[in-house]
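Here's a quick briefing on a protein model, written for someone who likes distances and angles. Have the sequence and the structure open while you read.

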Amino acid sequence: MAKRSQRSDESDSPWKDALQAYFPFFLAFFFPDIHKDIDWARGYEALDKEFQQILRRAKLGKRLADKLFKIWLRDGSDCWILIHVEIQSEVEKEFPRRMFEYHLAIRRLYNREVAGLALLCDDSADWKPTRFAYERWGCGIELTFRIAKLLDYRENLEALEKSDNPIATVVAANLEAMRTRGDPARRKDGKL
């Protein structure tokens, strides 16, 4: 597994905190179609200990901002959702394979449906992986997963600042951090 940069590790914790505190807002902001299918009156459950167990079993290493939530759908059924937030500054070739491995590990442990979601916070506008697949001799497998890309919101800073969704503030702060990377004076002004 590729070694994570210090910059990635520093960015993960705020996203983990934001997911823990504002999970419904996260889905409403990035994946509104999923948000509307969830029965929020029944609540949701963060499965951090269970997810760490999955990571150990799958030998995928500790991923600071990965979250696993149990939710109930409006039709009364429950579902497992893996929220995989990868905060990184470079494109990672193995990311789709890792999403596939997470999916398999969760499915194996719970024997339930899994929806894989990822937030890409790198600075490469063209990198938007959404699938992992392999095939040989007519035998193969494919996993598709959903992504949201922070850079897609950089033209909407004014709307982000006016939004009452707390995740919009986190997005605006991350975009400002990306914009002022390497310029401490501008970064300080941005934080203020």
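What follows goes from the overall fold to ring pairs, salt bridges, a hairpin and one alanine.

Keep in mind that this is a predicted model. The protein has 192 residues, and 42% of them count as buried. Its secondary structure comes to 7 helices and 7 strands.

**Overall picture**

- Reading from the N terminus, the elements go α-α-β-α-β-β-α-β-β-β-β-α-α-α.
- Take the contacts between residues at least 6 apart in sequence: 63% of these join residues at least 24 apart.
- The accessible surface adds up to about 10,900 Å², and carbon and sulfur atoms account for 49% of that.

**Aromatic rings**

- You'll find 15 aromatic pairs in the structure.
- One of them is Tyr-22 with Phe-25, an edge-to-face pair with 6.0 Å between the centres and 75° between the planes.
- Why are Tyr-22 and Phe-25 separated by about one helical turn? Because they sit 3 residues apart in helix α1, which covers residues 6-30.
- Tyr-22 is partly exposed at 34% relative accessibility, and Phe-25 is also partly exposed, at 39%.
- Then there's Phe-26 with Phe-31, a tilted pair: the centres are 6.3 Å apart and the planes make an angle of 50°.
- That angle is what makes the pair tilted, because stacked needs under 30 degrees and edge-to-face needs over 60.
- Are Phe-26 and Phe-31 buried or exposed? Phe-26 is buried, with 1% relative accessibility, and Phe-31 is buried too, again with 1%.
- Both belong to a wider aromatic cluster, made up of Phe-26, Phe-29, Phe-30, Phe-31 and Tyr-153.

**Salt bridges**

- The count here is 10 salt bridges.
- Arg-97 takes part in two worth a look: with Glu-94, at 2.4 Å from N to O, and with Glu-101, also at 2.4 Å from N to O.
- These shared partners link Glu-94, Arg-97 and Glu-101 into one network.
- Where do Glu-101 and Arg-97 lie? Both are in helix α4 (residues 95-110), 4 residues apart, or about one turn of the helix.
- The members of this network are partly exposed: Glu-94 has a relative accessible area of 34%, Arg-97 has 29% and Glu-101 has 25%.
- Elsewhere, Arg-131 pairs up with Glu-142, and their closest N and O atoms are 2.7 Å apart.
- Arg-131 is in strand β5 (residues 131-136) while Glu-142 is in strand β6 (residues 139-144), so this salt bridge ties together parts that are 11 residues apart in sequence.
- Arg-131 counts as partly exposed at 46% relative accessibility, and so does Glu-142 at 47%.

**The β5-β6 hairpin**

- The two strands that carry Arg-131 and Glu-142 pair in the antiparallel sense, over 6 bridges.
- β5 and β6 make a hairpin with 2 residues between them.
- Which residue in the turn has a positive phi? Trp-137 does, and the value is about 55°.
- The ring of Trp-137 also has company: the charged end of Arg-136 sits over it, 5.6 Å from the ring centre.
- If you're tracing the bridges, Glu-135 has Gly-140 in β6 as its partner.
- As general background, side chains in a regular strand alternate between the two faces of the sheet.

**Ala-172 and its surroundings**

- Ala-172 belongs to helix α6, residues 166-179.
- At 14% relative accessibility, Ala-172 counts as buried, because the cut-off for buried is under 20%.
- What does Ala-172 contact, apart from its neighbours within four places in sequence? The residues are Leu-157 and Leu-160.
- Ala-172 and Tyr-153 are 19 residues apart along the chain, and their C-alpha atoms are separated by 8.3 Å.
- Tyr-153 is a residue you've already met, as a member of the aromatic cluster with Phe-26, Phe-29, Phe-30 and Phe-31.

Note on methods: Residues numbered from 1 in each chain as written. Predicted model: local features only at pLDDT ≥ 70, side-chain atom pairs only at ≥ 80, totals over all residues. Heavy atoms only, no water. Phe/Tyr/Trp six-rings, centres within 6.5 Å; stacked < 30°, edge-to-face > 60°. Buried < 20%, exposed > 50% of the residue type's maximum accessible area, 1.4 Å probe, protein only. Lys NZ or Arg CZ within 6 Å of the ring centre and 35° of its normal. Salt bridge = Lys/Arg side-chain N within 4 Å of Asp/Glu carboxyl O. Contact = heavy atoms within 4.5 Å. Areas by Shrake-Rupley, 256 points an atom, 1.4 Å probe, with all protein chains shown as cover. Pairing = 2+ DSSP bridges.
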